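The following exercises ask the reader to examine a sheet and the helices beside it. Please study the sequence and the structure before reading each solution.

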Amino acid sequence: MAEQKIILVTGANTGISFETCYALAGVSSTHHVIMACRSLTKGQQALAELQVRTPAGTLSLIELNITNDTSIISAVESITRNHGVLDILINNAGIALTTSQGYRTSILETINTNAVSALVLTEALLPLLKRSADPRIINVTSGLGSIADRSDPASDAYNLLFEAYRMSKAALNMATACMHANYQSFGAKAWAYCPGLVATSLTGEGERARLQAMGVDGGEESAKGIVEIAQGRRDHEAGLFVRRDGERWEW
């Protein structure tokens, strides 16, 4: 009997993470996906929705606020107690704030959530990742975090602002590069993965509805790229800034 693979997905109750949880649980009966959600109420609803779809693998729920160290410690203790190992970590929880909170505040909160907290969580999970025979870390980033692309007037996104979000994803990209370099000592691999344009509620329900009306993917296609990485089909891109279509972004 094949050994169970333990997978943790943050921000799991909506968008890309929600579809990723289903895709990973659905692709193999040996996969156990832990859905990490800030809100247990929303998490329980999401878990129920996925279980109705009867994936081949199994799912469970854990409460986790990645910006709160006490919450991180509690989640790590729970995973250690219940599973004793972590094979794949998918850092996807994130925000995209407006400047209504104040320019400095919006920047600091966005960077703290999207980059700093992902690194802090990963560091806290290192003892569990080190127990895996094939530890993998997938940081869900964005092409908007590419400094090379931001500097290119020919880019489709050149005139988009989103300074706080761009800076946070550029920081997450650097965190990914550091993870891949630092964790090679115990065989871990890390990827900065761009899911492309997805209709999510990251910037509000109105924006998700607008994108859905345009026919933008709701996360299913993006999840396929994460599954490819989890299955080892993109190991040649470990340590790089990759896209769901098999291409790469320049840092």
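**Exercise 1: A strand and its two faces**

Both faces of β4 are covered: Ile88 and Ile90 on one side, and Leu89 and Asn91 on the other, are all buried (under 20% relative accessible area, with exposed over 50% and partly exposed in between, for a 1.4 Å probe and protein chains only). The model is a predicted one, in which local features need pLDDT of at least 70 and side-chain atom pairs count only at pLDDT 80 or more, while totals for chains, interfaces and linings use all residues. Residues are numbered from 1 along each chain as its sequence is written, and side-chain values use heavy atoms, leaving out hydrogens and water.

Task: State which strands pair with β4.

Solution.
Step 1. Strands are DSSP runs (E, at least two residues) and helices likewise (H or I, at least four), numbered from the N terminus. Two strands pair if DSSP finds at least two bridges between them.
Step 2. β4 (residues 88–91) pairs with β5 (residues 136–140) in the parallel sense over four bridges. In β5, Ile138 is the bridge partner of Ile90, and Asn139 is that of Asn91.
Step 3. β1 and β4 also run parallel, joined by three bridges. Leu8 stands opposite Leu89 in β4.

**Exercise 2: The whole sheet**

Task: Find the order of the strands in the open sheet, and explain why one side of each edge strand lacks a neighbour.

Solution.
Step 1. The seven strands follow the order β3-β2-β1-β4-β5-β6-β7, with parallel pairing.
Step 2. β3 (58–63) and β7 (241–243) stand at the edges with a single partner strand each, so one side of each has no neighbour in the sheet.

**Exercise 3: Helices on the sheet and against each other**

Task: Describe how α1 lies across the sheet and how α3 meets α4.

Solution.
Step 1. Helix α1 (residues 15–27) lies across β1 (5–10), β2 (31–37), β3 and β4, and runs at about 165° to β2. Angles run from 0 to 180 degrees between N-to-C directions, and axes are lines fitted to C-alpha atoms, for helices over the stretch in contact.
Step 2. Asp69, Ile72 and Val76 in α3 meet Val120, Leu121 and Ala124 in α4, where contact means heavy atoms within 4.5 Å.
Step 3. The axes of α3 (residues 69–82) and α4 (residues 103–124) come within 10 Å and cross at roughly 35°.
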